Amino acid sequence: MSAPDLAQLWSSHAPEGYSCPFCGLARGDVADPGNRCELSDLVHQDADVLVFMACDGFGPHEGHAMITPVQHREALYDLDDELLGKIAIMSREVSKAMKLAWNPEGTSVRQHNEPAGNQHVWHYHLHVFPRYADDMLYRQVRHPVDVEVRAEKARELRSALIQVLAERS
């Protein structure tokens, strides 16, 4: 059995004629009626990365930020190593800035890909949350997974990761 072609594992989920709100914000144009971003949301922009406050809040505490590439990239799969590194470094810096600005009890980052992964805007973005003991950010019920199931999943993922890393070199 041959391995699937990585280029065929995913395709864009953006609808035809999609007007990307994050590209609009990066251009300084939020006039599209579907764009809920405001220019006042902008925290930082350089040649590669945009940081802005999210339109939606979760739980009783406001103030989570999003980090996105300036250039349109739909999902994690579309980021090259250099850009991904810049986003990771910025997530650390934004987290430290949150500690300085609001002194939260902690911080969390999360990111979603494709509809089943809970992605709703078709431009890669990494959420950075200030965290508090009572924020209930992750409301899903946790359950234990059997050791055998975890082992099988580890073998499957290991095999796929070997393929991905081989194609990278």
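How accessible is K86: is it buried, partly exposed or exposed? K86 is partly exposed, with a relative accessible area of 31%, where buried means under 20% relative accessible area, exposed means over 50% and partly exposed lies in between (1.4 Å probe, protein chains only).

The exercises below concern a predicted model, in which local features need pLDDT of at least 70 and side-chain atom pairs count only at pLDDT 80 or more, while totals for chains, interfaces and linings use all residues. Residues are numbered from 1 along each chain as its sequence is written, and side-chain values use heavy atoms, with hydrogens and water left out.

**Exercise 1. Find the salt-bridge partner of K86 and place both residues in the fold.**

Step 1. A salt bridge is a side-chain nitrogen of Lys or Arg within 4 Å of a carboxyl oxygen of Asp or Glu, and a search of the whole structure with this criterion finds six.

Step 2. In one of these, K86 is paired with D48, and the closest N and O atoms are 2.5 Å apart. Because K86 belongs to helix 2 and D48 to the loop between strand 1 and strand 2, the pair ties together parts that are 38 residues apart in sequence. Helices (H or I, at least four residues) and strands (E, at least two) are here DSSP runs, numbered from the N terminus.

Step 3. D48, like its partner, falls in the middle class of accessibility: D48 is partly exposed at 29%, and K86 is partly exposed at 31%.

Step 4. Salt bridges that share partners join D48, E82 and K86 into one network. A further spatial relation of D48 is with L83, which is 35 residues away in sequence but 7.3 Å away in space, C-alpha to C-alpha.

**Exercise 2. Describe the strands on either side of the loop that holds D48.**

Step 1. Strand 1 covers residues 42-45 and strand 2 covers residues 49-53; they run antiparallel and are joined by three bridges, two strands being paired if DSSP finds at least two bridges between them.

Step 2. The two strands form a hairpin, with three residues between them, and D48 is found in this loop. One of the bridges can be located by its residues, since the partner of Q45 in strand 2 is L50.

**Exercise 3. Compare the settings of two other salt bridges, D56 with R36 and R131 with D135.**

Step 1. Between D56 and R36, the closest N and O atoms are 2.8 Å apart. D56 lies in the loop between strand 2 and strand 3 and R36 in the loop between helix 1 and strand 1, so this pair ties together parts that are 20 residues apart in sequence.

Step 2. D56 is partly exposed, at 41% relative accessible area, whereas R36 counts as exposed, at 52%.

Step 3. The side chains of R131 and D135 meet in a salt bridge with an N to O distance of 2.5 Å. R131 counts as buried at 17% relative accessibility, and D135 counts as buried at 5%.

**Exercise 4. Characterise the aromatic pair of W10 and Y77 and the surface patch that contains Y77.**

Step 1. Rings of Phe, Tyr and Trp (its six-membered ring) pair if their centres lie within 6.5 Å, with planes under 30 degrees apart counted as stacked, over 60 as edge-to-face and the rest as tilted. The whole structure holds two aromatic pairs, one of which is formed by W10 and Y77: the centres are 5.2 Å apart and the planes make an angle of 55 degrees, so the pair is classed as tilted.

Step 2. The pair links distant parts of the chain, 67 residues apart, with W10 in the segment before helix 1 (21-27) and Y77 in the loop between strand 3 (65-69) and helix 2 (81-102). W10 is buried at 19% relative accessible area, whereas Y77 counts as partly exposed at 44%.

Step 3. Together with L76 and L84, Y77 makes a nonpolar surface patch of about 250 Å². Patches are made of residues with over 30% relative accessible area and no salt bridge, with like charges joined within 9 Å and nonpolar side chains (Val, Leu, Ile, Met, Phe, Trp, Tyr) within 5 Å. L76 lies in the loop between strand 3 and helix 2 and counts as partly exposed at 34%.

Note on methods:
Accessible areas come from the Shrake-Rupley method with a 1.4 Å probe; for residues, only the protein chains shown count as cover.
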